[in-house]
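This briefing reviews selected side-chain and backbone contacts for a reader who has the coordinates at hand. The topics are strand pairing, aromatic pairs, salt bridges, helix packing and the surroundings of a single residue.

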Amino acid sequence: MKVSCLGPKESYSAIAAERLCRGAEKLYCSSFTATLNLLTEGFVDAAVLPVENCIMGSVVQNLDLISQAKNVMGVGEYLMPIQHRLVTKGRIPYENIQRVCSHVQAISQCSEFITKHFPFAKLVYTYSTAESLSLLDAHTAGIVGAHLKGTGKGLVFSEENIADAKENYTRFLLFERGNTPPAHSEYVYFSVLCKKETTGELCRLLQIFDRHALSIARIESRPVRDIFGNYRFFIEFAGDIGSENVKEALREAEEVSEEYRLLGAYGQS
């Protein structure tokens with residue numbers, strides 16, 4: 001089995017890929033777009049993408065990628081605890097740090113620490129947290145995962161978790177090709193399009209899940225490209241997709257919605 005994920009091999013995505021596809025051959029990509037493209041084009045059997053962080057919310061880029069991708073289905077979920085460490089090449093006084101490098105999500109999640117200690121530093125965004133290790137020098141620090149502490153000769157990692165919130169989790173989904181969901185699930189994920197000229201569509205949709213006593217865990221919207229005022233809603237609810245109650249609720253949701261699409265059915269690893 002081959003699985004694609006954001007690289008390099010030390011990245012959070014790579015760890016999630018191993019948890020979700022133990023022992024699989026991994027193809028490390030330089031972007032989330034490339035990660036999903038490898039799946040849709042048939043070069044890998046599965047792809048792993050982060051979709052939500054408990055501090056920053058949804059990874060909106062990936063919601064857009066998922067909604068645009070054809071013939072993919074979310075089949076697994078992994079909730080990863082995140083701890084960020086400041087890393088430098090040798091012991092460098094904070095006043096000497098002129099640049100801080102990491103993925104945009106990590107920098108955002110550590111904004112309070114950065115503002116306090118490096119208010120004038122230039123922020124350099126990398127395609128993954130682990131990539132920042134390659135940019136370290138006498139005036140540059142990186143932000144990486146705690147799992148990298150103790151690796152790399154001459155690297156000095158902060159003892160403390162520098163994230164703004166110490167209880168920090170990122171949710172990853174495993175995608176495979178196809179439109180057929182697993183036989184059973186703990187959660188179901190789908191999207192619908194709501195047009196600005198259609199009134200009450202979202203209300204009617206939510207009432208379906210109330211009637212079927214299904215608990216919605218998450219709902220969010222993204223603007224539809226090139227059509228100002230139209231929004232695509234992403235909805236996740238707790239339920240077994242193999243049950244008749246869930247199947248009927250989804251049938252009713254499809255009937256009242258524009259561009260209904262089932263995105264995934266999965267349990268948590």
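A residue is called buried when its relative accessible area is under 20%, exposed when that area is over 50%, and partly exposed in between. By this criterion strand 9, which spans residues 140-145, is mostly covered, with 6 of its 6 residues buried. The model is predicted, and every value below is computed from it.

**Strand 9 and its neighbours**

- Strand 9 pairs with strand 6 in the antiparallel sense, over 4 bridges.
- In that neighbourhood, valine 87 stands opposite glycine 142 of strand 9.
- Strand 7 and strand 9 run parallel and are joined by 3 bridges.
- Glycine 142 in strand 9 is also the bridge partner of cysteine 101.

**Aromatic pairs**

- The count of aromatic pairs comes to 8.
- One of these joins tyrosine 94 and phenylalanine 113 in an edge-to-face arrangement, at 6.2 Å centre to centre and with 80° between the planes.
- Tyrosine 94 lies in the loop between strand 6 (84-89) and strand 7 (99-102), and phenylalanine 113 lies in helix 5 (residues 111-117), so the pair ties together parts that are 19 residues apart in sequence.
- The two members are covered to unlike degrees: tyrosine 94 is partly exposed at 32% relative accessibility, whereas phenylalanine 113 is buried at 8%.
- Phenylalanine 209 and phenylalanine 237 form a tilted pair, because their ring centres are 4.9 Å apart and their planes meet at 50°.
- This pair links distant parts of the chain, with phenylalanine 209 in helix 6 (residues 201-211) and phenylalanine 237 in strand 14 (residues 231-238), 28 residues apart.
- Phenylalanine 209 is buried at 1% relative accessibility, and phenylalanine 237 is buried at 0%.
- Phe209 and Phe237 belong to one aromatic cluster together with Phe190 and Tyr260.

**Salt bridges**

- The whole structure contains 13 salt bridges.
- Aspartate 137 is bridged to arginine 99, with 4.0 Å between the closest N and O atoms.
- Aspartate 137 sits in the loop between strand 8 (122-125) and strand 9, while arginine 99 is in strand 7, so this salt bridge ties together parts that are 38 residues apart in sequence.
- Aspartate 137 counts as partly exposed at 33% relative accessibility, as does arginine 99 at 28%.
- Glutamate 236 forms a salt bridge with arginine 171, the closest N and O atoms being 2.8 Å apart.
- That bridge connects strand 14, which holds glutamate 236, to strand 11 (residues 169-177), which holds arginine 171; the two residues are 65 residues apart.
- Both partners are covered: glutamate 236 is buried at 5% relative accessibility, and arginine 171 is buried at 6%.
- Glutamate 220 and arginine 218 form a further salt bridge, with 2.3 Å between the closest N and O atoms.
- Glutamate 220 is buried with a relative accessible area of 16%, and arginine 218 is buried at 8%.
- Arg171, Arg218, Glu220 and Glu236 are linked with Glu52 and Glu77 in a network of salt bridges.

**Helix packing**

- Two packed helices are described by the angle between their axes and the distance between the axes.
- Helix 6 packs against helix 7 (residues 244-256) at an angle of about 170°, with the axes 10 Å apart.
- That angle makes helix 6 roughly antiparallel to helix 7, because angles over 145 degrees count as roughly antiparallel.
- On the helix 6 side, the contact is made by Glu201, Leu205, Ile208, Phe209 and Arg211.
- The helix 7 side contributes Ala249, Glu252, Ala253 and Val256.
- Phe209 therefore takes part in this helix contact as well as in the aromatic cluster described above.

**Surroundings of alanine 217**

- Alanine 217 is placed in strand 13 (residues 216-223) and counts as partly exposed at 49% relative accessibility.
- Alanine 217 and alanine 238 are 21 residues apart in sequence, with 6.6 Å in space from C-alpha to C-alpha.
- Leaving aside residues up to four places away in sequence, alanine 217 touches Tyr187, Glu236 and Phe237.
- Of these contacts, Glu236 is part of the salt-bridge network and Phe237 is part of the aromatic cluster.

How values were computed:
Residues numbered from 1 in each chain as written. Predicted model: local features only at pLDDT ≥ 70, side-chain atom pairs only at ≥ 80, totals over all residues. Heavy atoms only, no water. Phe/Tyr/Trp six-rings, centres within 6.5 Å; stacked < 30°, edge-to-face > 60°. Buried < 20%, exposed > 50% of the residue type's maximum accessible area, 1.4 Å probe, protein only. Pairing = 2+ DSSP bridges. Salt bridge = Lys/Arg side-chain N within 4 Å of Asp/Glu carboxyl O. Axes fitted to C-alpha atoms, helices over the stretch in contact; angles between N-to-C directions. Parallel < 35°, antiparallel > 145°, perpendicular 65-115°, else oblique. Contact = heavy atoms within 4.5 Å.
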